[in-house]
Amino acid sequence: MTIDDASDDFSRLHRLFTFHLGVAVGLSWMTALYASLYAPWVRNIRPLVDPAGGLDRVESTLSFLFVMPAVLLVAWLTVFFGREVLRRSQTLGSVAVEFAAAALVAFGLFYLSVDRAVAALYIGL
């Protein structure tokens, strides 16, 4: 594989990853905003979500709903504007493996974001 082939693979995978991460960010924010309309705005939402184990840590409704979408947004902005930095800082042997690992992490954050919004929706409805 030549350097040109590797850069073409990187460009293609970066474009796909950036697009799909942007869709995940949009869906995450829409879900969180929709849940915020129905969720109770309290100082500590943890006991309402999990009555058995929610007393150990205090988390407001604002942070419960919007931290994960904010992290996804920062990640998307970093990937979007840091393309050349990502190209130069390859740590694994393959570009595809790096983007696959990043996709797994992004999907995990997306899942947690939607799961928290659904949990807040169940309280409100």
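In the predicted model, the lining of the largest pocket is made up, by class, of 13 nonpolar residues and 1 polar residue, with no charged residues among them. The volume of this largest pocket comes to about 230 Å³, and of the 14 residues that line it, F17, H20, L21, A103 and A106 are the closest to its centre. Two helices, α1 (3–38) and α5 (95–124), each contribute at least two residues to the lining of the largest pocket; of the elements involved, α1 gives the most, with 8 residues.

The second largest pocket encloses about 170 Å³ of space, and its lining is formed by F10, F17, V79, L86, S89, T91, V95, E98, F99 and A102. When these lining residues are divided by class, 7 are nonpolar, 2 are polar and 1 is charged. As for the helices that take part, α1 and α5 each supply at least two residues of the lining of the second largest pocket, and here α5 gives the most, with 4 residues.

Taken together, the two linings draw on α1 and α5, each of which provides at least two residues to the largest pocket and at least two to the second largest pocket. The leading contributor is α1 in the lining of the largest pocket, whereas α5 takes that place in the lining of the second largest pocket. F17, which is listed with the residues closest to the centre of the largest pocket, also appears in the lining of the second largest pocket.

Conventions
Residues numbered from 1 in each chain as written. Predicted model: local features only at pLDDT ≥ 70, side-chain atom pairs only at ≥ 80, totals over all residues. Heavy atoms only, no water. 1 Å grid on protein atoms, 1.4 Å probe; cavity = no way out; pocket = protein on both sides within 12 Å on 5 of 7 lines; lining within 4 Å. Points joined across faces, edges and corners; volume = space filled by probe spheres on them. Nonpolar A, V, L, I, M, F, W, Y, C, P; charged D, E, K, R; others polar.
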